Amino acid sequence: MNKILNTPYNRNSPWKIGAQRLSHPFFGHCICLHVIHKEESQTVQQQQWSYWGRKFEQLCTHITSVKEGLDNEYCTITLSKLGNFRLLIAAEIDCYRTDSEAFPASIQQAKFLPKDFVELKTNRVLDDNKRAASFYRYKLRSVWVQSMLAGVPTIIFGFRDDSGLLKNLKTYETAKLPAISQENGGNWDPSCCIRFGHHVLDLIFKSVQDNQNYYVEYTPQQHSVHITETNEQTNFVEISFLDS
């Protein structure tokens with residue numbers, strides 16, 4: 001859903017999503033979507049940025065190393081709505097507020113509340129107009145879509161320099177990101193993202209048949225979304241989900 005909702009402002013990056021329409025014993029007729037990841041090698045600089053982001057997550061939490069953070073993750077299932085569609089979204093959660101009254105003594109005792117979920121992000125310090133414009137126009141929109149869909153109310157940004165040194169922290173409320181972006185020249189409309197997402201879901205639901213596999217693809221050059229049936233016998237959803 002992240003890729004779909006960001007599409008109205010996406011002029012460069014194609015995406016491909018696997019889709020299946022299934023009959024579930026509890027949810028009834030449902031569309032299962034799965035992003036088809038294209039293997040792309042990272043540049044040395046991109047690998048460095050990725051490491052800095054993971055290191056920031058380590059320093060903000062109780063994990064002891066970057067590797068531990070890569071080997072372990074906490075995921076949540078969020079039930080939401082987009083127009084007349086009910087959404088069941090799986091999302092990785094970075095961390096949980098330790099000042100919460102409901103903070104557990106251990107993971108085994110945890111009864112996590114979404115209001116205390118926190119997303120952690122890093123970004124280059126906004127020391128010139130070009131970087132600031134990119135942050136408010138692109139980065140905050142992407143973060144808003146991700147956190148809004150997952151039900152995460154708080155984002156903490158760590159702003160770093162070109163050497164990876166942390167310079168400052170800033171906390172944002174997810175619900176306020178659209179207004180903050182617009183106040184700082186970020187020319188994007190959250191309602192446009194929502195409307196487009198609903199339109200694509202409606203298109204998928206009307207185009208696919210039960211127990212068939214499809215690819216939903218976005219071509220930025222044409223700025224169009226198209227759906228094709230595939231004979232590939234790939235399961236875009238875990239079989240255990242159908243039996244649950």
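Tyr96 is a good place to start: with 12% relative accessibility, Tyr96 counts as buried, because anything under 20% falls in that class. Keep in mind that you're looking at a predicted model. From Tyr96 we can move on to its ring partner, then to other aromatic rings, a couple of charges and one threonine.

**Aromatic rings**
- Going by ring-to-ring distance, the count here comes to 11 aromatic pairs.
- One of them joins Tyr96 and Phe117, edge-to-face, with 6.2 Å from centre to centre and 65° between the planes.
- That pair ties together distant parts of the chain: Tyr96 belongs to strand S5 (residues 95-96), Phe117 belongs to strand S6 (residues 117-124), and the two are 21 residues apart.
- Phe117 is tucked away too: its relative accessibility is 3%, so Phe117 counts as buried.
- Elsewhere, ring pairs hook Phe135, Tyr136, Phe157, Phe159 and Tyr172 up into a cluster.

**Charges over rings**
- Lys16 has its charged end sitting over the ring of Tyr215, 4.1 Å from the ring's centre.
- Arg21 does its own version with Phe205, lying over the face of that ring at 4.5 Å from the centre.

**Around Thr230**
- You'll find Thr230 in strand S10, which covers residues 224-230.
- Thr230 counts as buried, because its relative accessibility is just 10%.
- Leaving aside residues up to four places away in sequence, Thr230 touches Asn213, Tyr214 and Tyr215.
- Tyr215 may ring a bell: its ring is where the charged end of Lys16 sits, and Tyr215 is also among the residues that Thr230 touches.

Key: Residues numbered from 1 in each chain as written. Predicted model: local features only at pLDDT ≥ 70, side-chain atom pairs only at ≥ 80, totals over all residues. Heavy atoms only, no water. Helix = DSSP H or I, 4+ residues; strand = E, 2+ residues; numbered from the N terminus. Buried < 20%, exposed > 50% of the residue type's maximum accessible area, 1.4 Å probe, protein only. Contact = heavy atoms within 4.5 Å. Phe/Tyr/Trp six-rings, centres within 6.5 Å; stacked < 30°, edge-to-face > 60°. Lys NZ or Arg CZ within 6 Å of the ring centre and 35° of its normal.
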